[in-house]
Amino acid sequence: MTATVSNFYYGAVTPVAAYLMACLGAGLGLRCTTRSLRRPHRRAGWLALGAISIGCGIWTMHFIAMIGFSVQGALVSYDTTKTILSLAVAIAVVAMGVFLVGYRGSSPVNLGVAGTVTGLGVAAMHYLGMAAIHTDGGLHYDTQTVALSVVIAVAAATAALWAAVSIHSLWSSLGASLVMGLAVTGMHYTGMAAVSVHLSGQTASSQSSSSLVSFLLVMLAGPLIVLLIAAVIVMFDPDMMLGDDEGGGATAAPYGSGFPVQQPTSPPQPYTTR
């Protein structure tokens with residue numbers, strides 16, 4: 001028996017919250033990448049923080065959206081190990097893409113490879129998270145819709161990596177993060193549109209939303225704290241505090257360079273006496 005599946009058990013609350021978290025992770029990732037280009041001697045640290053921010057943002061988006069997932073006539077629960085593993089996958093694949101373009105540049109070949117790897121990894125995170133679901137039946141997927149979700153993931157990842165190394169101003173980064181959040185959230189709901197649930201037997205139970213929400217909120221606590229810490233680090237970075245976020249100081253170093261390019265200074269004025 002095919003069950004009725006809904007992705008909007010709480011209405012617009014979960015998709016809106018999921019979208020905002022995707023935007024937050026993308027925005028923090030873009031700002032961290034910008035700082036990595038301005039400070040080559042700390043590039044690895046900023047790229048790592050950017051990858052963690054984007055990965056946590058995508059994963060948090062996914063599981064906030066999953067709070068709204070319900071199967072009529074069946075209970076829904078999650079496997080803890082697979083849920084945590086999906087978070088590790090999200091961070092790892094984003095880090096691969098971010099470090100590749102962060103150190104080797106944004107040539108079409110690098111972007112293509114990094115975007116494909118990262119996009120496939122994001123899709124793997126999504127479907128691994130779906131594999132963590134336990135319900136009174138089996139999950140089935142429409143192949144064409146799944147393929148479309150993977151294409152969206154690759155395109156979104158490629159665009160995100162291009163933006164990370166090409167867009168440096170604050171307002172441009174904010175605009176890019178809104179678009180990236182929409183793309184990632186769209187990928188999630190495209191993947192969810194491929195899902196159907198075939199119940200294995202008759203059950204009179206309806207979804208126990210309180211226990212499911214409690215579990216997901218506990219799972220979300222860690223990534224949310226990480227995003228908060230990343231936001232504090234970005235906000236209180238000296239460039240932001242001194243108003244130098246748009247430019248000034250050392251400019252972005254060429255890829256492969258170990259030192260920032262210094263702005264030319266005015267020659268000293270000769271000292272004269274009267």
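**Figure 1. A cavity whose lining has no charged residues.** By class, the residues around the largest cavity split into 15 nonpolar and 4 polar. This is a predicted model, and in it the structure holds 1 cavity of 30 Å³ or more. The volume of the largest cavity comes to about 200 Å³. Its lining counts 19 residues, with Ile54, Ile58, Ala157, Ala160 and Val184 lying nearest the centre. Six helices, α1, α2, α3 (80-104), α4 (108-131), α5 (143-166) and α6, each put at least two residues into the lining of the largest cavity. The top contributor is α5, which gives 5 residues.

**Figure 2. The largest pocket, with Leu24, Gly27, Leu28, Arg31 and Leu174 nearest its centre.** About 230 Å³ of space sits in this pocket. In total, 14 residues line the largest pocket. Which helices each supply at least two residues of that lining? They are α1 (13-38), α6 (170-193) and α7 (209-235). As for chemistry, the lining of the largest pocket breaks down into 10 nonpolar, 3 polar and 1 charged.

**Figure 3. The largest nonpolar core, a set of 57 residues.** Ile58, Trp59, Met66, Val71 and Tyr78 are the ones with the most contacts inside this core. Helix α2 (residues 43-67) brings the largest share, 14 residues. Zoom in on Ile58 and, leaving out residues up to four places away in sequence, you find it touching Val94, Val122, Met125 and Val184. Two of the names here also turn up in the cavity view: Ile58 and Val184 are among the residues nearest the centre of the largest cavity. Another core, of 8 residues, lies apart from the largest one, and its members include Ala26, Ala164, Ile167 and Ala176.

**Figure 4. Asn110, a residue in helix α4.** Is Asn110 buried or exposed? Its relative accessibility is 12%, and the cut-off for buried is under 20%, so Asn110 counts as buried. Set aside the neighbours within four places in sequence, and Asn110 is in contact with Leu100, Val101, Arg104 and Gly105.

**Figure 5. Ala159, a residue in helix α5.** Here the relative accessible area is 40%, which means that Ala159 is partly exposed. For that label, the value has to fall between the 20% limit for buried and the 50% limit for exposed. Gly115 is 44 residues away from Ala159 along the chain, yet the C-alpha atoms of the two are separated by 7.7 Å.

**Figure 6. Stepping back to the whole protein, with its 8 helices and 6 strands.** Follow the sequence and the elements come in the order β-α-α-β-β-α-α-β-β-α-α-β-α-α. The protein has 274 residues, and buried ones make up 45% of them. Take the contacts with a separation of 6 or more: 86% of them are between residues 24 or more positions apart. On the outside, about 13000 Å² is exposed, with carbon and sulfur atoms supplying 69% of that area.

Technical notes: Residues numbered from 1 in each chain as written. Predicted model: local features only at pLDDT ≥ 70, side-chain atom pairs only at ≥ 80, totals over all residues. Heavy atoms only, no water. 1 Å grid on protein atoms, 1.4 Å probe; cavity = no way out; pocket = protein on both sides within 12 Å on 5 of 7 lines; lining within 4 Å. Points joined across faces, edges and corners; volume = space filled by probe spheres on them. Helix = DSSP H or I, 4+ residues; strand = E, 2+ residues; numbered from the N terminus. Nonpolar A, V, L, I, M, F, W, Y, C, P; charged D, E, K, R; others polar. Buried < 20%, exposed > 50% of the residue type's maximum accessible area, 1.4 Å probe, protein only. Contact = heavy atoms within 4.5 Å. Areas by Shrake-Rupley, 256 points an atom, 1.4 Å probe, with all protein chains shown as cover. Core = buried A, V, L, I, M, F, W, Y, C linked by side-chain atoms within 4.5 Å.
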